[in-house]
Structure formats: C-alpha cells, structure tokens
Amino acid sequence: PVPVVAVVGRPNVGKSTLVNRILGRREAVVEDVPGVTRDRVAYEATWSGRRFTIVDTGGWVPDATGLAAAIAEQARLAVDLADVVLFVVDATVGATDVDDAVVEILRRSGKPVVLVANKVDDAATEADAALLWSLGIGEPHPVSALHGRGSGDLLDAVLEAL
Ligand code: GDP
Ligand code: MG
C-alpha cells in the first residue's frame with residue numbers, strides 16, 4: 001500500500017501551500033482567510049521515486065467549538081490514518097498554546113512527526129525556526145512553502161520517517 005503523509009497545524013500556517021509545493025502544482029486550496037481548507041483532501045505525490053499519499057487538512061484547534069471542532073476532528077482522523085505526520089508551524093509567529101496542545105495529541109498518537117518551520121523565506125528567519133526546538137517534538141525543518149526554500153531537505157526527512 002502507498003504510505004500516507006498527513007499535514008496538520010493551525011489555520012493559516014501554510015499547510016495547503018506546502019501541499020501544493022510538494023505536488024509541484026496548484027491544487028490544494030490556499031486562502032488568506034484562516035481555516036479555508038475544511039476537509040481532508042488526499043493527493044498522490046512522488047519524491048525520489050517513492051510514491052505517497054499526502055493529506056491536506058483544515059485548521060486544527062483542540063477544544064474548539066462549531067466549525068473549528070469539525071475541522072479538528074477531520075485532522076484527528078487524518079492523523080489516525082497517517083504513517084507520518086507533517087506538523088506545520090508558522091516560524092514567524094512562533095509556538096502558540098494551540099501548537100503545544102497539538103504536540104500533546106501528536107505524542108499520544110505515537111506516529112512519527114516531522115516538524116515544519118514554515119514561512120522561513122530568507123536566511124534571517126532561520127533563527128525563528130530554531131526557536132521551535134522548544135516544542136519538544138524534534139528538529140524544526142525550515143521551509144518556505146511559498147518560495148520552495150528547504151522543501152527538498154524536508155521531503156528527504158519525510159522519506160526517512162516513512
Ligand atoms: P493553511 O490554512 O494552513 O492551509 O494555510 P494556506 O496554505 O492557505 O496559507 C495561508 C497564507 O499564508 C496564504 O496567504 C499563503 O500565501 C501564506 N503562506 C504560506 N506559506 C508561506 C511561506 O512560506 N511564506 C510566506 N511569506 N507566506 C506563506
Ligand atoms: Mg489549507
């Protein structure tokens with residue numbers, strides 16, 4: 001079976017932009033409005049000759065109500081189905097309480113997690129990415145999903161985790 005990589009994180013951190021970057025085409029819905037990707041969407045991807053399914057999810061806000069709760073449930077289901085979880089954080093914002101809560105859920109899932117420090121568009125932002133070691137879930141991989149910076153190294157790390 002083709003392994004499944006689930007992309008999770010708070011709304012607006014760049015999950016769908018990252019999925020598009022990995023696919024090399026614009027397919028996942030990207031919006032400036034937080035939380036626009038409401039459902040899980042699965043795509044077939046290939047890197048270094050290895051195929052995997054990548055699952056984009058809506059924003060994940062634990063203990064939220066209404067639409068946010070539905071989105072959170074979708075993300076939880078995506079994690080349950082995943083072989084590897086790509087946990088995306090906005091390095092320019094830093095770790096939030098919600099990110100800490102997500103880390104707890106990821107830990108409990110027992111799945112391998114690759115931490116993505118997104119929006120590292122330039123070398124000056126690398127220091128922000130390093131601060132995400134404080135999440136306690138391993139090495140932050142600095143990436144600019146928008147410009148492609150660091151995406152090759154990230155995909156190498158994903159394949160290693162598979
Ligand atoms: P999602 O809600 O996590 O799926 O986030 P989106 O992919 O929809 O992106 C939210 C916003 O962040 C959009 O305006 C994107 O263009 C922007 N964005 C995503 N990745 C990057 C990045 O690497 N650098 C910068 N500067 N902006 C980004
Ligand atoms: Mg999205």
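With its count of C-beta neighbours inside 10 Å, does Asn12 count as buried or partly exposed, and why? In this predicted model, Asn12 counts as partly exposed because it has 16 C-beta neighbours inside 10 Å, whereas a residue is called buried only if 20 or more other C-beta atoms lie within that distance. Asn12 sits in the loop between β1 and α1, and its phi is near 80°, a positive value in a residue other than glycine.

From this loop one can step back to the whole protein chain, which contains five helices and six strands and which, read along the sequence, follows the pattern β-α-β-β-α-β-α-β-α-β-α. The protein chain has 162 residues, of which 42% count as buried. Among its contacts between residues at least 6 apart in sequence, 65% join residues at least 24 apart.

A good place to begin the tour is β4 (84-90), which is largely enclosed by the rest of the structure, since seven of its seven residues are buried. From this strand, Val84, Leu86, Val88 and Asp90 point one way, while Val85, Phe87 and Val89 point the other way, and all are buried. On one side of the pairing, β4 is joined to β1 by four bridges, the two strands running parallel, and here Phe87 of β4 is the bridge partner of Val8. Another pairing links β4 to β5 through six bridges, again with the strands parallel, and in β5 the bridge partner of Phe87 is Leu115. To get from β4 to β5 the chain passes through α3, and this β-α-β crossover is right-handed.

The same strand leads into the nonpolar interior. In soluble globular proteins, nonpolar side chains tend to be buried together. Here the largest nonpolar core has 39 residues, and those with the most contacts inside it are Ala6, Val85, Leu86, Phe87, Val89, Leu115 and Val116. At least two residues of this core are supplied by each of β1 (4-8), α1 (15-23), β3 (50-56), α2 (66-81), β4 (84-90), α3 (97-109), β5 (113-118) and α5 (151-161), and the largest share, six residues, comes from β4. Val85 offers a closer view of these surroundings, for, leaving aside its neighbours within four places in sequence, it is in contact with Ala6, Val8, Val79, Leu106, Lys111 and Val113.

Among the helices, α1 is mostly covered, with eight of its nine residues buried. The buried residues of α1 are Lys15, Ser16, Thr17, Leu18, Val19, Asn20, Arg21 and Ile22, and they pack against β1, β2 (41-47), β3, β4, β5 and α5. Just after this helix, Gly24 takes a positive phi of about 75°.

One further loop deserves a look, the one between β2 and β3, where Ser48 is found. Like the residue with which this account began, Ser48 has a positive phi in a residue other than glycine, here near 50°. What is the exposure of Ser48, and how many other C-beta atoms lie within 10 Å? Ser48 is exposed, because 8 other C-beta atoms lie within 10 Å, and a residue counts as exposed if the number is 12 or fewer.

Conventions: Residues numbered from 1 in each chain as written. Chains lettered and ligands numbered in written order. Predicted model: local features only at pLDDT ≥ 70, side-chain atom pairs only at ≥ 80, totals over all residues. Core = buried A, V, L, I, M, F, W, Y, C linked by C-beta atoms within 7 Å. Contact = placed C-beta atoms within 7 Å. Pairing = 2+ DSSP bridges. Right-handed = clockwise from strand over helix to strand, strands pointing away.
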